[in-house]
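Biologist: I'd like to learn how to read a structure like this one. Could you walk me through it, feature by feature?

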Amino acid sequence: MACRSSEPTYRSTSSARKLVWADEFDKTGLPDSTRWKYETGGNGWGNNELQFYTARRSENARVENGKLIIEARKEAFQGHNYTSARLVTQGKQTWKYGRIEVLARLPKGVGTWPAIWMLGNNISTADWPLCGEIDVMEHVGYDEGVIHGTVHTEAYNHGKHTEKGDTLRVNNVTSAFHLYAIEWTASQIDFLVDNQKYYSVKKADLGENVTQWPFDQPFYLLLNVAVGGNWGGKKGVDERIWPQRMEVDYVRVYQ
C-alpha cells in the first residue's frame with residue numbers, strides 16, 4: 001500500500017489534452033438529465049447490497065451549493081431499509097481513452113461503499129465481466145482512508161480473485177475533497193489521487209485478447225453510494241450514521 005502526504009492540487013496534469021466533457025454542478029435541483037440517467041432497483045447488484053436505488057428523488061440525488069450530493073438514507077422504501085442513488089452516463093456519453101477526473105468528498109462510517117467507476121458500453125451484449133470495468137475510486141467505510149483503484153476483465157476479476165489493482169492511503173477522505181482520476185491510453189491505465197499516480201495496469205502485462213484487455217472500446221461513467229454488501233458490509237452496517245453522502249464538486253474528461 002502506498003501512502004500520500006502532500007496537499008492536493010486540483011488541475012489536470014496534461015496541458016496537451018482538451019476538456020471534452022464536464023459537469024460542474026452549477027444548477028441547483030435534480031442532476032442534469034442531458035448528462036445523467038438513473039439506474040434503479042434493489043436487487044443487490046450482484047453484491048448483496050442493501051439499498052434501493054431511486055430515480056428523480058432529491059433526497060437521494062440533487063445538486064446544491066455547486067455540488068452533486070448522492071445521499072444514502074436509512075428509510076423503508078420498496079421493501080428495503082436503505083435508499084441511495086446510482087447515476088450513469090450510459091446512453092448519454094461514452095469515452096475511449098483520456099483522463100477522467102472527479103473531485104469528491106466521501107461518506108463516513110461502517111457500511112458505506114461509494115464508487116466512481118466505468119463499464120464497457122457493450123455490457124448489454126457482452127455482459128460483465130467481458131465488457132470490462134475500471135474502478136477509478138472505491139472506498140469502504142470500515143477501512144477509512146484506503147482508496148482502491150482496480151480493473152476487472154473476463155480473465156481477471158474479483159469473482160476469480162484475480163482482479164488487478166492497488167491501494168493508496170489518503171488522509172481526510174471523509175472531511176476534505178480529493179481528486180480521483182485515471183489516465184487511460186491504448187497501452188495502459190494509470191490511477192491517481194490528487195495527481196499522484198499510485199498504480200498502472202498495462203496491456204503488455206495483462207494480454208491483448210479482449211478477455212484480458214477490453215479497454216479499447218467506449219466506456220461510460222457511474223457514480224453511486226452503496227450500503228453494505230459483500231465488501232461494503234463485510235464488518236456490518238452501523239445503523240446510527242445515516243444519512244451519509246458523497247459530494248462531487250465536478251466531473252471532467254480530457255482527451
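Modeller: Gladly! Keep in mind that this is a predicted model. Let's start with one residue, Lys203, which is found in helix α2, spanning residues 203-206.

Biologist: Is Lys203 buried or exposed?

Modeller: Burial is judged by relative accessible area, and under 20% counts as buried. Lys203 has a relative accessible area of 19%, so it is buried.

Biologist: Which residues is Lys203 in contact with, leaving aside its neighbours within four places in sequence?

Modeller: With those neighbours set aside, Lys203 is in contact with Ala186, Ser187, Glu208, Trp213 and Asp216. Hold on to Asp216, please.

Biologist: Let me guess, a salt bridge. How far apart are the N and O atoms of Lys203 and Asp216?

Modeller: The salt bridge between their side chains has an N to O distance of 2.8 Å. Lys203 lies in helix α2 while Asp216 is in the loop between α2 and β17, so this pair ties together parts 13 residues apart in sequence. As for accessibility, Lys203 is buried at 19%, whereas Asp216, at 29%, is partly exposed.

Biologist: How many salt bridges does the count come to?

Modeller: The count comes to 19 salt bridges. Besides the Lys203 pair, look at Arg99 and Glu101, whose side chains meet at 2.5 Å, N to O. Both Arg99 and Glu101 are buried. Glu71 forms another one with Arg62, where the closest N and O atoms are 3.2 Å apart, and both of these residues are buried too.

Biologist: Which residues do salt bridges that share partners join into one network?

Modeller: One network joins Arg57, Glu59, Arg62, Glu64, Glu71, Arg73, Glu75, Arg105, Arg245 and Glu247 through shared partners. You'll recognise Arg62 and Glu71 from the pair above.

Biologist: Now for the nonpolar side. What should I expect there?

Modeller: In soluble globular proteins, nonpolar side chains tend to be buried together. In this model, the largest nonpolar core has 51 residues, and those with the most contacts inside it are Ile116, Met118, Ile134, Tyr180 and Ile189. Strand β17, residues 219-227, gives the most to this core, with five residues. A second, separate core has eight residues, including Val88, Leu119, Tyr220 and Leu222.

Biologist: What does Ile116 touch, not counting residues up to four places away in sequence?

Modeller: Its partners are Val102, Ala104, Asp135, Val136, Met137, Tyr180, Leu221, Leu222, Leu223 and Met246. Notice that Tyr180 is on that list and is also among the residues with the most contacts inside the largest core.

Biologist: Where is Thr89, and is Thr89 buried or exposed?

Modeller: Thr89 sits in the loop between β8 (86-88) and β9 (98-105). Its relative accessibility is 0%, so Thr89 counts as buried. Not counting residues up to four places away in sequence, Thr89 touches Trp21, Arg35, Trp36, Trp95, Tyr220 and Leu221.

Biologist: How do sequence separation and distance in space go together for a residue such as His178?

Modeller: Check both numbers for a pair. His178 and Ala104 are 74 residues apart in sequence, yet their C-alpha atoms are 5.6 Å apart. His178 belongs to strand β14 and is buried, at 3% relative accessible area. For another case, take Asn171, in the loop between β13 and β14 (178-184). Asn171 is partly exposed, at 45%, and its C-alpha is 8.9 Å from that of Glu144, 27 residues away in sequence.

Biologist: And how do I read a pocket?

Modeller: Rolling a probe the size of a water molecule over the atoms shows where empty space is left. Here the largest pocket holds about 820 Å³ of space. Its lining has 30 residues, with Asn47, Trp113, Glu133, Glu138 and His158 nearest the centre. Strand β10 supplies the largest share of that lining, four residues.

Biologist: Which classes of residue make up the lining of the largest pocket?

Modeller: By class, 10 are nonpolar, 12 polar and eight charged. The second largest pocket has about 160 Å³ of space, and its lining has five nonpolar, no polar and six charged residues. Among those lining residues are Phe25, Asp26, Lys27 and Arg35. You met Arg35 earlier, as one of the residues that Thr89 touches.

How values were computed. Residues are numbered from 1 along each chain as its sequence is written. This is a predicted model: local features need pLDDT of at least 70, side-chain atom pairs count only at pLDDT 80 or more; totals for chains, interfaces and linings use all residues. Side-chain values use heavy atoms; hydrogens and water are left out. Helices (H or I, at least four residues) and strands (E, at least two) are DSSP runs, numbered from the N terminus. Buried means under 20% relative accessible area, exposed over 50%, partly exposed in between (1.4 Å probe, protein chains only). Contact means heavy atoms within 4.5 Å. A nonpolar core is a set of buried Ala, Val, Leu, Ile, Met, Phe, Trp, Tyr and Cys residues joined through side-chain atoms within 4.5 Å. A salt bridge is a side-chain nitrogen of Lys or Arg within 4 Å of a carboxyl oxygen of Asp or Glu. On a 1 Å grid over the protein atoms alone, a cavity is a set of points where a 1.4 Å probe fits but cannot get out, and a pocket is an open set with protein on both sides within 12 Å along at least five of seven lines; lining residues have an atom within 4 Å of a point. Grid points are joined across faces, edges and corners, and a volume is the space filled by probe spheres set on the points. Ala, Val, Leu, Ile, Met, Phe, Trp, Tyr, Cys and Pro count as nonpolar, Asp, Glu, Lys and Arg as charged, and the others, Gly among them, as polar.
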